[in-house]
Amino acid sequence: MKIVQVKCPSCNQAIMMKEKDKLFYCDKCNVMHIREGGAPEKVDFEIAEFSPKAQGEKVYMPFWRLYTTFIVRSKNVEGGTIFKMSQWLKGGSDSGNMFIYIPAAELDAGTFRKFSTMFTGAAPRYPTRLNFNNVRRLPGTLPKQEAAQLADFVVVTMEAEQPGVLQKLDYSLTVNDTKLVYLPFVMTPQGPMSAL
Amino acid sequence: MASIKCPKCAAPVPFDTGVKFVKCPYCSSLVYIDRTGAGFYYAIPFMVNENDAVGTFRRWAAGSTKAKDLDKLAQLAGVKKKYFPVYMFKRDVNGVEQVFIETAGSTTLPGLHNLKVPAGDLKVYDATFDVGGAELIKPDIEMTPYLNSLPGKPKEQALVFFPIWTIDYVFNQKKYGAVVDASSGEVFSSEFPTRSSNAYMAVAGAGFVAFIGEGLLATSMLIPAIALMAVTVVAVFYVGLQVARRM
Amino acid sequence: MSDGISVGLNCPACGGAISMAEGENVVLCQYCSSVLAAEGDQGVHTVAFKNKTLKDAAMGASQHWWTHGLKARDLKTTGKIVESYPIYLPFWKTTTRVAGWVCGYEERRHTDQKGNVTVERIPKEVMVLQDFTFSEIACDPGDLGIRTMKNFMGETTFANFEEIPTFESTTSKDAAATRGLNDSLAKARANAHVPQVTLDTLKAFNKGLTLIYYPVWVVRYNYRDRMYMDTVDGVTGQVLSGRAPGDPLFQSLAMTGGTSVGGLIAAAGIIYAQSASDMRIALGAVAVGAIILFLTYRFFRHGSEIIQGEFKEKKSIASALKQVQQVGKALEGLR
């Protein structure tokens, strides 16, 4: 075993952090990187601006935003009206491209489901900013590879939550691009609330 | 306890077998124990003494599949305290940890079909280790050929001596052997005098058939049938007790 | 011992000593707050539970256990504890998150008054997003009768580590993690309760692997020159597993009960079948009688030793019922 100092793969500056996080952020050159396979890998990321109305303890929560192509080859729903994927898929058919949001922070199963379906169902719109403005970042624990595997859970969930009982869904999902997105939240007694 | 040299202050740092990190008691630096390149010798201490081993053997011999009263009638012909060697390799095969247990010698243990490292407190086996009078079965196969032929990269390799009691016994003029693992108390045996199920089956079968017959008889002759049933109950109970009793 | 196997752990930036635990791969230097990464084999996150059971309590629990169940009646007067000592047993504990959907249907049969059978098909879609825990012993279980952890709550400390013999882990952590994944997938599928599955998108993710050292008391006792053993949980004080002598009286009573009840049920069935002229009733009653006979026979044959816990040879009720089912299926074929 070897201990190495984590340095920014772009400017070679040492990374400093107060909290343990698997997403390494260099505040000198504004580069984010991960080390899932051991070697550093730069990650494309963006930071959303807080709503001016946001009150309370502010935090940034990391999400993996996957740009995916989703193709439904066949499906079968019992009862209810057959829901068309086209209502929320761009492209007008059962297939198309979409953004899937997977929380990268440590969340319980219920909160994970809530945030992933909420943002995937209605893609958030926000102005971006260039730094974290000293707001605390929740540590990222979910690896990028796992996010890709969880993507189809989110898609099937959105499909199954519509009227009728899903019986069969033959589909393929390809991840074209992955971006790390920091979304603004405020901590409340009921848990984190979106502050977009 | 075994020790390594602190890379910072050169003091001996004692360490236990399972750990990867150990703190130097003199300079408090954290030391990582790299086992990838070294071969270790481990031994598991005896937790079962001779009396307990014989008692464990007797409990095993009293089991339902062993010959009736084997625990009482088996004559001990020799109880020996031994250390049996086995190789244990931990390897990294394409990022996945795998454990390989390999034979270290030509001696085999009867009844131990799959070689294993029995549960126990692995201690580093060196000059300070007290074998407690046990005969050490020397490995006659080297570790190196395994290192070259096993898949993956080495993580840890060790020769483990595990403690056993070998028990030889005679039953009906025939010699048998059993091995008691002196760490967890498991008994191994390849061949032992067995007990037939015939007597048990006879009681169960005869009782069942008798009660069916008596039940059918009860429709025509109630009183004699009940009397017969009472007799059968007593008979099954008594014969069953004799069959099950083993002293 | 040989040199060259000890590696000093210092911060490569400031040279300060690092404090890190096994299984950590990201560490913050406490002096210069540099972020450090461990590369290569950094071990597994390890915890040890505090041994809260005292020797007397462990022995008391064992003696209490002797008086329960169908053990030898004279065990509490004849049995004598020879020794009792605590050990630390290693367990792999994995936490797994299962996410996905199980879709399909359940068929229900309804018979109306005219005897017409209609099959109702109830479609089902079940979401699974749940964390599962799996544990297995990390060494050979030998004759301890313990394979999984029964309790995950307790104070964790390494304070007892020096005085209690520690059984080392000798199985592969990755093999345990794989079994943890498969086990949680199977549990998730079973929990979904979808009898006929048409779509299954379940995936399992490893959330964590821990090596837990759990304190267990080994109690050895003597009964009529034979040595028996039981184990007591060092945290909860409960008997976990053990072997105890049986009693021929109970074996014989079981057989008497089994033959009489089984035989009379069979006879009653035959008599009723003759009056109703339906042979199926007779066959069914004989089968029920035979099952009762079989279950009591097993105890009659092997009840000379009572075992509790996860032993190799333990024939559980579940496996007995499976055998009964197989017999039942064979009988069904005869009809």
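This note comments on chain A, the contact between chains B and C, the cysteines and two backbone features of a predicted model.

1. Chain A: secondary structure. Chain A contains 2 helices and 11 strands. Their order along the sequence is β-β-β-β-β-β-β-α-β-β-α-β-β, so that a run of strands precedes the first helix in the pattern as written for chain A.

2. Chain A: dimensions and packing. Along the principal axes, the C-alpha atoms of chain A occupy a box of roughly 55 × 40 × 30 Å. Chain A has 196 residues, of which 52% are buried. When contacts between residues at least 6 apart in the sequence of chain A are considered, 70% of them link residues at least 24 apart.

3. Extent of the contact between chains B and C. The contact involves 79 residues of chain B and 73 residues of chain C. Together the two chains bury about 6400 Å², and carbon and sulfur atoms account for 62% of that area.

4. Elements on the chain C side. Several elements of chain C each contribute at least two residues to the side that touches chain B. The strands concerned are S1 (6-9), S5 (80-111) and S9 (226-233); the helices are H3 (173-192), H4 (248-276) and H5 (279-302). Helix H4 of chain C provides the largest share, 16 residues. By residue class, the side of chain C that touches chain B comprises 31 nonpolar, 24 polar and 18 charged residues.

5. Polar and charged pairs across the contact. Between chain C and chain B there are 4 salt bridges. One of them joins B:Arg59 to C:Asp143, with the closest N and O atoms 3.8 Å apart. In addition, 17 residue pairs are in polar contact across this interface, counting pairs with both residues at pLDDT 80 or more.

6. Cysteines. The number of disulfides over all chains is 0. Why is B:Cys27 not bonded to B:Cys9? The closest cysteine sulfur to that of B:Cys27 belongs to B:Cys9 and lies 3.6 Å away, which is too far for a bond, because a disulfide requires the two sulfur atoms to be within 2.5 Å. C:Cys29 is likewise in no disulfide, and the nearest cysteine sulfur, in C:Cys14, is at 3.7 Å.

7. Exposure of these cysteines. Is B:Cys27 buried or exposed? B:Cys27 is partly exposed, its relative accessible area being 31%. C:Cys29, by contrast, counts as buried at 5% relative accessibility, since the limit for a buried residue is under 20%.

8. Positive phi in chain B. Most residues other than glycine have a negative phi. B:Gln173 is not a glycine, yet its phi is positive, near 65°. This residue is located in the loop that connects strand S10 (153-171) with strand S11 (174-181) of chain B. B:Gln173 is exposed, with 79% relative accessible area.

9. Positive phi in chain C. Which loop holds C:His193? C:His193 is in the loop between helix H3 and strand S7 (196-200) of chain C. Its phi is positive as well, at about 55°, although C:His193 is not a glycine. The relative accessible area of C:His193 is 56%, and the residue is therefore classed as exposed. Helix H3 of chain C, which borders this loop, is also among the elements that supply residues to the side touching chain B.

How values were computed. Residues numbered from 1 in each chain as written. Chains lettered and ligands numbered in written order. Predicted model: local features only at pLDDT ≥ 70, side-chain atom pairs only at ≥ 80, totals over all residues. Heavy atoms only, no water. Buried < 20%, exposed > 50% of the residue type's maximum accessible area, 1.4 Å probe, protein only. Contact = heavy atoms within 4.5 Å. Buried area = accessible area lost by both parts, 1.4 Å probe. Salt bridge = Lys/Arg side-chain N within 4 Å of Asp/Glu carboxyl O. Polar contact = N/O pair within 3.5 Å; in protein donor to acceptor, adjacent residues only side chain to side chain. Helix = DSSP H or I, 4+ residues; strand = E, 2+ residues; numbered from the N terminus. Nonpolar A, V, L, I, M, F, W, Y, C, P; charged D, E, K, R; others polar.
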